[in-house]
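Dear colleague,

Please find below the structure I promised to hand over, with the sequence alongside it. My notes on what was found follow directly after it, and I would be glad if you read them with the model open.

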Amino acid sequence: MENNSIPERDRKVTWHPFTHQKEAAYPMNIVKGEGGYLFDESGNKYIDAFSSWWVNLHGHANSYIAEKIYEQAKTLEQVAFSDFTHSQAVILAERLLSHLPKNQTRIFYSDNGSTAVEVALKMAIQYHSNIGKPKRKIIAFENGYHGDTFGSMSVAERNVFNNPFTPFLFEVILIPAPIKGKEQSTLQEFHHTLKSDDVCAFIFEPLVQGAGGMVMYEPEPLEKILQLCKAHQCVTIADEVMTGFGRTGKFWATNYITTKPDIICLSKGITGGFMPLGVTSCAGFIYDAFVSDDKTKTFYHGHSYTANPLACAAANASLDLLEKYELFEHVKYISAFFEKMKKKYENHPDIIDCRSKGTIFAMELKTHEGTSYLNELGKKMGAFFLKRGIIIRPLGNILYFLPPYCITQAQLEELEKCTDEMLASFNNL
Ligand SMILES: *Cc1c(COP(=O)(O)O)cnc(C)c1O
């Protein structure tokens, strides 16, 4: 590594997220993005097969979104969203509500996925308190992930991500997600737990547990769970931070079910991957419980950058692109391509399970270490793909693709070819 290069300087001053700093290779210096590609300083290009941590939808440096942010920056870059408002935030709220299930009536802005979840949990807890029936328990799925702040960590699986903090996390009831074969036992546990009528909220990643290894389950058991929760006045929170904006093939993953969640969390793809922004939407009955002559019923929550105009402008621009019919046609194309790949690999001897949902494809590989985020196979697969011009970020022994929607047929074929090559040399990776 050249002295004084960007990666060299980076090594001296920054601290990277989710990174084992001692063993980490020098970070790659990315100088440019264009469509589905990222470029390093030597001019090598790479397919961004994980959408830069699941945020990018329309490709890198999309000029339409870039222009809209620039126009907004020259007009109004930021204003406190307390006693003030601005058109980008209002238009975005109207547009999001027009796409969200009809029961959703209000948009609360924050900064990222974790804060969208914090807001959802606080809304649910204070809702019960405001109506004079405080409840104590929260249900979440085992193997779930909802972010890295204390509340969002609390409602996740206890694992290597949050080990040092477990004594500081509030208690939640973890129930296995209704993956194939577990539907009945999951439903029974819900029945049993909800009986006490002391369950305040249930939070879940709809249909795909992302960070937990792209674990997928069917809509039917989720439908039954939501119905049960409603029967017991347990507020349901859909964390669509990863699954929203077409990722699973429909606009929202909850569009696969008819019973609608009470609260929905959005982030990641919301701005097309340009700006950080979080959204928590809620049903009318939740909002109504906060509107009162009693000032103590106010929702005392906010962030300095709440509803930042640049982020809202980026989100409105991304929606312009998402609302085009052709885009969803292409999402369908990607979905069909991945479905075909799933069929091709599902009986491969080195693969435990192969799955796909919309624009997400995942395969769980067999190793003696077993399935784990720390499985060394992840690094090896990452290096193998990188050498062939593809950026992936496996979750341990789980390889997945989650590409920007602009990915071309030729680029998808490259992903498939590289997967073939990797499986062919699997024992020597
Ligand atoms: C990434 C993610 C979050 C956290 O979002 P951040 O913006 O990283 O804080 C929450 N929920 C789900 C389902 C996620 O995938």
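With which side chain does the side chain of Thr243 make a polar contact? Before the answer, please keep in mind that this is a predicted model, and that the values below are computed from it. The partner is Glu240, whose side chain lies 2.9 Å from that of Thr243 in this polar contact. Thr243 itself belongs to the loop between β10 (235-239) and β11 (263-266), and because its relative accessible area is 1%, under the 20% cut-off, Thr243 counts as buried.

The loop between β10 and β11 also holds Phe245, a residue that is not a glycine and yet has a positive phi of about 60°. Phe245 has a relative accessibility of 1% and therefore counts as buried. A second residue with this kind of backbone angle is Leu207, which has a positive phi of about 70° although it is not a glycine. Leu207 is found in the loop between β7 (199-204) and β8 (208-209), and at 0% relative accessibility Leu207 is likewise counted as buried.

The ligand

Turning to the bound molecule, the residues that surround the ligand are Trp54, Asn112, Gly113, Ser114, Tyr145, His146, Gly147, Glu205, Asp239, Val241, Met242 and Lys268. Sorted by class, this shell is made up of 4 nonpolar, 5 polar and 3 charged residues. Several of the side chains come within polar-contact distance of the ligand, including that of Ser114, where an N or O atom is 2.5 Å from an oxygen atom of the ligand. A nitrogen atom of the ligand is 2.7 Å from an N or O atom in the side chain of Asp239, while for the side chain of Lys268 the corresponding distance, to an oxygen atom of the ligand, is 2.7 Å. Taken alone, the ligand would expose 380 Å², and the protein buries 84% of that area.

Aromatic pairs and charges over rings

The count of aromatic pairs in the model comes to 26. One of them joins Phe141 and Tyr217, whose rings are 5.6 Å apart from centre to centre with 80° between their planes, an edge-to-face arrangement. Because Phe141 lies in strand β5 (residues 137-141) and Tyr217 in the loop between β9 (215-216) and α8 (219-231), this pair ties together parts of the chain that are 76 residues apart in sequence. Both Phe141 and Tyr217 are buried.

Another pair, formed by Tyr333 and Phe337, has ring centres 6.4 Å apart and planes at 45°, so this pair is classed as tilted. Here both residues lie in helix α11 (residues 325-345), 4 residues apart, which is about one turn of the helix. What is the burial class of each partner? Tyr333, at 30% relative accessibility, counts as partly exposed, whereas Phe337, at 5%, counts as buried.

Ring pairs also link Phe338, Tyr345, Phe361, Phe384, Phe385 and Phe401 into a cluster. Phe384, a member of this cluster, has Arg388 lying over its face, at 3.5 Å from the ring centre. Elsewhere, the charged end of Lys357 sits over the ring of Tyr256, 4.1 Å from the centre of that ring.

Two residues in loops

Finally, two residues may help you to find your way around the model. Ala80 lies in the loop between α3 (63-75) and α4 (87-99) and is partly exposed, with a relative accessible area of 38%. The C-alpha atoms of Ala80 and Phe18 are separated by 32 Å, the two residues being 62 residues apart along the chain. Val291, in the loop between α9 (284-288) and α10 (309-322), has a relative accessibility of 53% and so counts as exposed. Between Val291 and Leu399 the distance is 47 Å, C-alpha to C-alpha, with their positions 108 residues apart in sequence.

With best wishes

Methods: Residues numbered from 1 in each chain as written. Heavy atoms only, no water. Near = heavy atom within 4 Å. Polar contact = N/O pair within 3.5 Å; in protein donor to acceptor, adjacent residues only side chain to side chain. Areas by Shrake-Rupley, 256 points an atom, 1.4 Å probe, with all protein chains shown as cover. Nonpolar A, V, L, I, M, F, W, Y, C, P; charged D, E, K, R; others polar. Phe/Tyr/Trp six-rings, centres within 6.5 Å; stacked < 30°, edge-to-face > 60°. Buried < 20%, exposed > 50% of the residue type's maximum accessible area, 1.4 Å probe, protein only. Lys NZ or Arg CZ within 6 Å of the ring centre and 35° of its normal.
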